[in-house]
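Q: I'd like a close look at one spot in this model, and then a walk outward from there. Take your time with it.
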Amino acid sequence: MRRRGAVRAVALGAAALVVSGLLDACSASDEGGGAPRPQGEMTFGVLAPLSGDMAERGQDLVDGAQLAAAEINEQGGVLGRQVTLAVEDGGCASATGEQAATGLAAKSVVGVVGGLCEDAAVTAAKTVAADGTPFLVSSARADRLVGAGLPSVFPMEGTVYQEALAAVHWMGYRSPQRVAVLGDGSPASQRLSGLVTDRVKADGLKVSRRSAEAKGPDLAELARTVTGFKADFVYWTGAAEPGGRLVGALRHVGYTGYFMASSESDSPEFLQAAGGAAEDAFLTTSAGPRLLPAAADWAARFKDRYRRDPGRDAMQAYDALRALAQAVRQAGDTAPSKIVDNLPRLADFTTFTGALRFAADHSLAYDNYVIAQVRGGTFTLASKLRTDPVG
């Protein structure tokens, strides 16, 4: 009898809980006149440099994540919970990146987005990954992050090798016969130059590779290299300002072939240094809102909220937070391992450049490099270079 009474009491208690839950749900629905409001909160971390020379870009990144969180909450949140953000200043140094990541870990964040300066992002990624927390690195270069082999870290930028492939792919459309690959001698320039040169040679084209001193490249000498080699396509892998002066020097000596610069030249400094000589020059660069018609409505929403145009960092952080939220929905849980398992297989999830997919090493399966072209003194989109089903 005692056992039967205990079972009956438990059953009545369960029924009372069910009724109470239904009343609470009805109350929430009636009060708002619609669907039940999300109960509780879910916190995502945002890592960005908010002081120093990169503070403006860091704030752009934070604003992009905040817009994503606001829109997610307007749509009912994630798993019935409101999304909140914990923001930490990661600075641009390894020490500040580690400190910021430690601060986010103390706040029990479900996942992290952000990371702009490479040294800070890599150190922060190692710290965050120590307990398996998912981290979508939105702005920092992918190479060192991929090389670190961190299971819960997913870079949302392309690699240098992918930029080289994008450049050579675009060259193929122009059908050059002789390619001059020129750089400023910096390590980054030398690496990209080497990758492009190897790919051009593999395609059976004649190629000449030259580098000048990074601090003061001899542009006249580089121009003579181009004319002496009779190149019909020039690819510049160095810094923006000397790249702009180089295209001017080439036009001055009568060069009429194609000119393309790397993502280092995605800067007003390139346009200012080149002047009118920049017209029709090409650029390999990571996609940003100003180049993507698909981002126009989003950019308008961003401007309406923040009274300024968004930059790339805002767009990348916006997509990163949305991707993390989607992974949580698919997992049906906030356990780090379940979120990490779902990030490589996001269902029906697209960014402004197309489908977001990660390769086995967590690099982008479909990189975000595009080809820009200078028209009317500004960068415009020439090609997205995307062949995935969505892009």
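Leaving out residues up to four places away in sequence, which residues does Asn 73 touch?

A: One thing up front: this is a predicted model. Asn 73 touches Arg 81, Gln 82 and Val 83, once residues up to four places away in sequence are set aside. With Gln 82 there is also a polar contact, 3.5 Å between the two side chains. Asn 73 sits in helix α2, which covers residues 55–74. Its relative accessible area is 17%, and since buried means under 20%, Asn 73 counts as buried.

Now follow the chain from there. Strand β2 takes in residues 82–89, and the loop between β2 and α3 (94–106) holds Cys 92. Cys 92 forms a disulfide with Cys 117, the sulfur atoms being 1.8 Å apart. Cys 117 is in another loop, the one between β3 (112–114) and α4 (118–129), so the bond ties together parts that are 25 residues apart in sequence. The two cysteines get different labels for cover: Cys 92 is partly exposed at 33% relative accessible area, whereas Cys 117 is buried at 11%. The disulfide count for the model comes to one.

Further along, have a look at β6 and β7. These strands pair in the parallel sense, over six bridges. One of the matched pairs is Gly 183 with Ser 211, the latter in β7. β6 is mostly covered, with five of its six residues buried. Ser 208 is found in β7 and is buried too, at 7% relative accessibility. Its contacts, again leaving out residues up to four places away in sequence, are Val 179, Ala 180, Val 181, Thr 225 and Phe 229.

Helix α7 belongs to this neighbourhood as well: its buried residues pack against β6 (178–183) and β7 (206–211), along with α6 (160–174) and β8 (233–236). Those buried residues are Ser 189, Leu 192, Ser 193, Gly 194, Val 196, Thr 197 and Val 200. The helix itself runs over residues 187–202, 16 residues in total, and reaches 23 Å from first C-alpha to last, close to the 22 Å expected at 1.5 Å a residue. After α7 comes Gly 204, with a positive phi near 85°.

Helix α12 makes a handy companion to α7. Its 20 residues, 312–331, reach 29 Å from first C-alpha to last, close to an expected 28 Å. α12 is mostly covered, 16 of its 20 residues being buried. Here too a glycine with positive phi follows, in this case Gly 332, near 65°.

Stepping back to the protein chain as a whole, there are 13 helices and 14 strands. Of its 391 residues, 49% are buried. Take the contacts between residues at least 6 apart in sequence: 66% of them join residues at least 24 apart. As for the outside, the accessible surface is about 17,800 Å², with 51% belonging to carbon and sulfur atoms.

Key. Residues numbered from 1 in each chain as written. Predicted model: local features only at pLDDT ≥ 70, side-chain atom pairs only at ≥ 80, totals over all residues. Heavy atoms only, no water. Helix = DSSP H or I, 4+ residues; strand = E, 2+ residues; numbered from the N terminus. Buried < 20%, exposed > 50% of the residue type's maximum accessible area, 1.4 Å probe, protein only. Polar contact = N/O pair within 3.5 Å; in protein donor to acceptor, adjacent residues only side chain to side chain. Contact = heavy atoms within 4.5 Å. Expected span 1.5 Å × (residues − 1). Disulfide = S-S within 2.5 Å. Areas by Shrake-Rupley, 256 points an atom, 1.4 Å probe, with all protein chains shown as cover. Pairing = 2+ DSSP bridges.
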